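Colleague: I have a few "how do you know" questions about this model. Could you walk me through the reasoning behind some of its labels?

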Amino acid sequence: PDDLSALHRVQVAVAGADPATVTVALRREGDTSWRRLAIDASPPYRAFVDLRRYRKGERVHFVAVVRSSSGDVTASPVVAYEVRR
């Protein structure tokens, strides 16, 4: 949970050189398309999501896409999360 709101914080740790941007996306279990949560251009790289929009016990998946200032793009492993309330 976020310390200052009812939202949940998704934070991305980036190793190496500072990236130009970090995009965080969410996908519901069974969906084929991703929904962008945020694009962050400065550390700490994070996005916020309102998990009240999802059913208790529903699985959602998160991914981070890092784009460097040279244009290189890297995606994180997909992380599954079961919604708890």
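**Strands and salt bridges**

Modeller: Happy to! Keep in mind that this is a predicted model. A good place to begin is the hairpin of β2 and β3, where 6 residues lie between the strands and G30 takes a positive phi near 90°.

Colleague: What makes β2 and β3 a pair of strands?

Modeller: The cut-off is at least two bridges. Strand β2 is joined to strand β3 (residues 35-40) by 5 bridges, so the two count as paired, and they run antiparallel. One position to look at is T23, which stands opposite I39 in β3.

Colleague: And how do you know that β2 pairs with β5?

Modeller: By the same test: β2 (residues 21-28) and β5 (residues 59-67) share 8 bridges in the antiparallel sense, and at least two are needed, so they pair. T23 appears here as well, with V65 as its bridge partner in β5.

Colleague: Let's turn to the charges. Why is the contact of R28 and E58 called a salt bridge?

Modeller: The N to O distance between their side chains is 2.7 Å. The rule asks for a nitrogen of Lys or Arg within 4 Å of a carboxyl oxygen of Asp or Glu, so this pair qualifies. The link spans distant parts of the chain: R28 sits in strand β2 and E58 in the loop between β4 (45-49) and β5, 30 residues apart.

Colleague: Why is E58 called buried but R28 partly exposed?

Modeller: E58 has a relative accessible area of 8%, and buried means under 20%, so E58 is buried. R28 comes to 29%, which falls between the 20% and 50% limits, so R28 is partly exposed.

Colleague: What makes E58 and R55 a salt bridge?

Modeller: Their closest N and O atoms are 3.9 Å apart, and the limit is within 4 Å, so the pair is counted. R55 itself is exposed, because its relative accessible area of 57% is over 50%. Through shared partners, salt bridges join R28, R55 and E58 into one network.

Colleague: How do you know that R52 and D50 form a salt bridge?

Modeller: Their side chains meet at 2.9 Å, N to O, which is within 4 Å, so the rule is met. R52 counts as exposed because its 55% relative accessibility is over 50%. D50, at 21%, is not under 20%, so D50 counts as partly exposed.

Colleague: How many salt bridges does the rule give?

Modeller: The count comes to 5 salt bridges, including R28 with E58.

Definitions and conventions:
Residues numbered from 1 in each chain as written. Predicted model: local features only at pLDDT ≥ 70, side-chain atom pairs only at ≥ 80, totals over all residues. Heavy atoms only, no water. Helix = DSSP H or I, 4+ residues; strand = E, 2+ residues; numbered from the N terminus. Buried < 20%, exposed > 50% of the residue type's maximum accessible area, 1.4 Å probe, protein only.
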